[in-house]
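Here's a quick walk through the model you have open. Grab the viewer and follow along, section by section.

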Amino acid sequence: MEQKCENCKLRAYYDRNPKSFLGRFWRWHINFCPGWKGYFTGLSDEKKKELREQYNFTKY
């Protein structure tokens with residue numbers, strides 16, 4: 001099953017322009033989103049490390 005977080009439109013806004021309103025909203029949103037938590041915790045340690053660095057993400 002494909003993860004929606006992998007192709008999230010809001011995530012794409014962040015990737016294109018992290019300082020945009022929608023990009024900042026997505027970054028704030030992942031701090032408590034149950035979908036992101038499920039997606040993130042299911043990744044390999046290597047991919048988690050990559051995303052932590054890319055999104056300055058320290059939870060989970």
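## The nonpolar patch

L22 sits in helix α2; helices here are DSSP runs of H or I with at least four residues, strands are runs of E with at least two, and both are numbered from the N terminus. L22 is partly exposed, at a relative accessible area of 31%, where buried means under 20%, exposed over 50% and partly exposed anything in between, using a 1.4 Å probe and protein chains only.

Together with Y13, F21, F25, W28 and F32, L22 makes a nonpolar surface patch of about 630 Å². Patch members need over 30% relative accessible area and no salt bridge; nonpolar side chains (Val, Leu, Ile, Met, Phe, Trp, Tyr) are joined within 5 Å, and like charges within 9 Å. Helix α2, residues 21-29, is the top contributor, giving the patch four residues.

## What kind of model this is

This is a predicted model, so to speak a filtered one: local features need pLDDT of at least 70 and side-chain atom pairs count only at pLDDT 80 or more, while totals for chains, interfaces and linings use all residues. Residues are numbered from 1 along each chain as its sequence is written, and side-chain values use heavy atoms, with hydrogens and water left out.

## Overall build

The protein chain has four helices and zero strands, which reads as α-α-α-α along the sequence. Its radius of gyration is 11 Å, in agreement with the value near 10 Å for a compact globule of 60 residues; the radius is taken over C-alpha atoms, and the globule rule is 2.2 Å times the number of residues to the power 0.38. Along the principal axes, the C-alpha atoms fill a box of roughly 30 × 25 × 20 Å.

Of the 60 residues, 28% count as buried. The chain exposes about 4,500 Å², with carbon and sulfur atoms supplying 54% of that; the areas come from the Shrake-Rupley method with a 1.4 Å probe, and for residues only the protein chains shown count as cover. Take the contacts (heavy atoms within 4.5 Å) between residues at least 6 apart in sequence: 43% of them join residues at least 24 apart.

## Charges in helix α4

How many salt bridges does a search of the whole structure find? One, with a salt bridge defined as a side-chain nitrogen of Lys or Arg within 4 Å of a carboxyl oxygen of Asp or Glu. The partners are K47 and E50, and their closest N and O atoms are 3.3 Å apart. Both belong to helix α4 (residues 45-55), three residues apart, or about one turn of the helix. K47 is partly exposed at 26% relative accessible area, and E50 is partly exposed too, at 42%.

K48 is also in helix α4, but it is buried and has no salt bridge. Its nearest side chain of opposite charge is D45, 4.2 Å away; in this count Lys and Arg are positive, Asp and Glu negative, and His and the chain ends are left out. Setting aside neighbours within four places in sequence, K48 is in contact with F40, T41 and L43.

## A buried tyrosine

Y39 is in helix α3, residues 34-41. Is Y39 buried or exposed? Its relative accessible area is 4%, so Y39 is buried.

Beyond four places in sequence, Y39 is in contact with Q3, C5, E6, R11 and L51. Take Q3: it is 36 residues from Y39 along the chain, yet their C-alpha atoms are separated by 6.8 Å.

## The segment after α4

Most residues other than glycine have a negative phi. Which way does N56 go? N56 has a positive phi of about 50°, although it is not a glycine. Y60 does likewise, with a positive phi of about 60° and no glycine identity to account for it. N56 is in the segment after α4, and Y60 lies in that segment as well.

N56 is exposed at 60% relative accessible area, whereas Y60 is partly exposed at 32%. Leaving out neighbours within four places in sequence, N56 is in contact with R27 and L51. As for L22, where we started, its C-alpha atom is 17 Å from that of N56, with their positions 34 residues apart along the chain.
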